[in-house]
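Me: Hi! I have a structure open and would like to talk it through with you. Can we take it step by step?

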Amino acid sequence: MIDSFVAGTLAGAGSFRCESCGFAIALHERDEIPSCPHCHAGRFRRASIFGDHTPAEPIGNHEVEIPAWLTGTRAELDAGGDYLAFDDDGEIRVVPLEEGWTRLGRSLAAHVRFDDPTVSRRHALLHRDEGSVRILDDRSLNGVFLNGERVDWHELEDGDEIVIGRFHLYFISLTGESLDGAPKGVGSAVG
């Protein structure tokens with residue numbers, strides 16, 4: 001039998017799934033169980049290594065809503081290149097991507113670190129080389145979602161939305177024509 005835990009209690013280290021929607025979180029030894037980032041329910045069950053039959057996170061196409069802050073952030077970038085932009089609890093962060101690998105996760109070794117139980121220690125990898133940037137799921141618990149679809153790896157395009165845990169990251173590629181205009185394939189900002 002797998003024990004249930006209520007949000008706000010200490011349950012020890014390990015993986016847990018929301019009893020309502022199946023969203024997975026990973027906790028350290030002294031972390032309190034949060035409300036579910038997906039459905040806001042408050043009951044979790046320890047995840048079994050043998051899997052369970054709860055529904056997984058929703059997968060499928062959804063219309064990407066571009067936050068109002070992204071247009072202004074994009075306009076402030078004056079150097080060509082590839083960037084990740086995201087809202088970190090009210091602080092807008094923009095990370096320039098360098099050639100090679102960029103690690104995203106909860107680990108202290110991550111280049112882009114998220115101190116949040118919805119993010120795995122080794123959640124995702126970005127690889128940038130001449131002409132392309134790819135995202136790879138690094139065996140994360142909750143997966144990597146690109147424009148609403150779960151992906152193992154995928155090449156990124158300007159304006160793509162990447163969801164890692166509860167964080168929505170936006171890929172910005174400023175090259176050639178896109179330096180002065182809106183992202184390719186993305187309409188006006190939605191607040």
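Me: Which residues have the most contacts inside the largest nonpolar core?

Reply: Happy to help! Keep in mind that this is a predicted model. The residues with the most contacts inside the largest nonpolar core are Leu84, Leu104, Phe114, Leu126, Leu156, Ile162 and Leu169. That core has 21 residues.

Me: Which elements give two or more residues to this core?

Reply: They are strands S5 (81–88), S9 (124–129), S10, S11, S14 (161–164) and S15 (167–174). S15 provides the largest share, three residues.

Me: And what does Leu126 touch, leaving out residues up to four places away in sequence?

Reply: Quite a list! Leu126 touches Leu84, Leu97, Gly100, Trp101, Thr102, Leu104, Val133, Arg134, Ile135 and Leu156.

Me: OK, what is in the second core?

Reply: The second core is separate and has ten residues, including Cys21, Ile25, Ile33 and Cys36. As a general point, nonpolar side chains tend to be buried together in soluble globular proteins.

Me: Cysteines, nice. How many disulfides does the structure hold?

Reply: Zero.

Me: Why is Cys18 not bonded to Cys39?

Reply: The closest cysteine sulfur to that of Cys18 is in Cys39, but at 3.6 Å it is too far for a bond. A disulfide here needs the two sulfur atoms within 2.5 Å.

Me: Are those two cysteines buried or exposed?

Reply: Cys18 counts as buried, at 1% relative accessibility. Cys39 is partly exposed, with a relative accessible area of 31%.

Me: Switching to strands: what is the order in the open sheet of five strands?

Reply: The order is S8-S7-S9-S10-S13, and the pairing is mixed.

Me: Which strands stand at the edges?

Reply: Those are S8 (112–113) and S13 (153–155). Each has a single partner strand, so one side of each is left without a neighbour in the sheet.

Me: How many bridges join S7 to S8?

Reply: Two bridges join S7 (residues 100–105) to S8, and these strands run parallel. Within that pair, Leu104 stands opposite Val112 in S8. Leu104 is also one of the residues with the most contacts inside the largest nonpolar core.

Me: Last one: where does Ser140 lie?

Reply: Ser140 lies in the loop between strand S10 (132–137) and strand S11 (144–146).

Me: Is Ser140 buried or exposed?

Reply: Buried, because Ser140 has 10% relative accessibility and the cut-off for buried is under 20%. Leaving out residues up to four places away in sequence, Ser140 touches Ser120, Arg122, His123 and Arg150.

Note on methods
Residues numbered from 1 in each chain as written. Predicted model: local features only at pLDDT ≥ 70, side-chain atom pairs only at ≥ 80, totals over all residues. Heavy atoms only, no water. Helix = DSSP H or I, 4+ residues; strand = E, 2+ residues; numbered from the N terminus. Buried < 20%, exposed > 50% of the residue type's maximum accessible area, 1.4 Å probe, protein only. Contact = heavy atoms within 4.5 Å. Core = buried A, V, L, I, M, F, W, Y, C linked by side-chain atoms within 4.5 Å. Pairing = 2+ DSSP bridges.
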